[in-house]
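The following exercises are to be worked with the sequence and the three-dimensional structure at hand. Each task is followed by a solution in steps.

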Amino acid sequence: MALVIARVVVIAVAAAAGLALAPSLGLGSLAGAALGAVAAAAAVAVEVVAGAAPLRPLLWTAGGAVGGLLAGLALGTALAPLTGGAAPVVRGGVALLGAWVGGAVAARRSGELGGPAASGMARVLDTSVLIDGRVAEMAAAGFLDGAVIVPRFVVAELQRLADSGDAVRRNRGRRGFDVLDRLRHSPAVQLELVDTDFPAIAEVDGKLVELARARGARLLTNDSALGRVAALAGVAVGNLHELATALKPAALPGEGMQVQVMREGKEPGQGVAYLDDGTMVVVEGGKRFIGQPLDVVVTSALQTSAGRMIFARPRGDEVGRDA
């Protein structure tokens, strides 16, 4: 909000300056004020576009434009004697063309110019990923490096959760801030808190998609619906739930493991246990072992939309059944 007010003030001041300078420019009062306001509005538009652009390509583009401008001025000066009275126009035109060529080439090749580290895709984190917390473990294990972008509107959402009167929501918000702090201290992560906002978009999800698209970044989320919307918008998406599922160790038939039977299953005689990663293990004939550690043998595994399920029997039972 403060930035919006500042932009309005800049336009108003420029309009007042145009009004004051109108007589010296040979313009009417209204025309002078309008000219000043339009010039300031154009400057604000450039500021908004530049503020949403990634910093490294922006710097390379500016540098390329300056280099192209200098090369164009040199070439225009060399051509001036051949153009007679049109020399000033030729000099200025060649300089502008040089600036355009230099800036455009630098913008397209900024990833290569920045070296290997610059070519990696930045990641935009949403609220669900920060609350989940596993992203900090990924960074600690060396699987998350480079630029990690967290917009201020996501931080504001965490603050609303942390200030909530509901204990569960309050703890979720505080965990999100703890994860932010861990990422900030991670040597492999370049955490960037950005003020970029999109006032025309009301929903946080829409703002995240637009930010990721503007930055050419990958959106990390646990929200499947947001992931689908982002993918349709042409944004690269990473879902930590899907990654965790893919990394779960395979359970092959005949493989043994030890579990703690926690409760009854849906079918008579079944017991239910859970692995450390939350995978459900349905133990045939495991009801009588509730509350006890039990050695089991995997009989099959099933992948469902809710995750993976493993079916097993107590070690020793499978011999009698197979016989």
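**Exercise 1.** Over which residues does pLDDT stay under 50, and how many contacts beyond four places in sequence does the model have for them?

*Solution.* The model is predicted. Its protein chain averages a pLDDT of 83, and 90% of the residues score at least 70. Against this background, pLDDT stays under 50 over residues 115-119. For that stretch, the model has three contacts beyond four places in sequence.

**Exercise 2.** Determine whether Asn-222 is buried or exposed, and describe its surroundings.

*Solution.* Step one is to locate the residue: Asn-222 belongs to the loop that lies between strand S4 (218-221) and helix H11 (224-232). Step two applies the cut-off: buried means under 20% relative accessible area. Because its relative accessibility is 12%, Asn-222 counts as buried. Step three turns to the contacts. Beyond its neighbours within four places in sequence, Asn-222 touches several residues, among them Ser-128, Asp-132, Arg-134 and His-241. With Asp-132 there is a polar contact between the two side chains, at 3.4 Å.

**Exercise 3.** Trace the strand pairing that involves S7.

*Solution.* Begin with strand S6 (residues 256-264), which pairs with strand S7 (residues 271-274) in the antiparallel sense over three bridges. One bridge links Glu-264 to Gly-271 in S7. Six residues lie between the strands of this hairpin, where Gly-269 has a positive phi near 85°. Next, S7 is joined to strand S8 (residues 280-283) by four bridges, again antiparallel. Here Tyr-274 stands opposite Met-280.

**Exercise 4.** Which residue lies over the face of Phe-153?

*Solution.* Lys-207 does, at 5.9 Å from the ring centre. As for aromatic pairs, a search of the whole structure finds zero.

Key
Residues are numbered from 1 along each chain as its sequence is written. This is a predicted model: local features need pLDDT of at least 70, side-chain atom pairs count only at pLDDT 80 or more; totals for chains, interfaces and linings use all residues. Side-chain values use heavy atoms; hydrogens and water are left out. pLDDT is the predictor's confidence in each residue, from 0 to 100. Contact means heavy atoms within 4.5 Å. Rings of Phe, Tyr and Trp (its six-membered ring) pair if their centres lie within 6.5 Å; planes under 30 degrees apart count as stacked, over 60 as edge-to-face and the rest as tilted. A charge sits over a ring if NZ of Lys or CZ of Arg is within 6 Å of the ring centre and within 35 degrees of the ring normal. Helices (H or I, at least four residues) and strands (E, at least two) are DSSP runs, numbered from the N terminus. Buried means under 20% relative accessible area, exposed over 50%, partly exposed in between (1.4 Å probe, protein chains only). A polar contact is a pair of N or O atoms within 3.5 Å; within protein, one must be able to donate a hydrogen and the other to accept it, and residues adjacent in sequence count only if both atoms are side-chain atoms. Two strands pair if DSSP finds at least two bridges between them.
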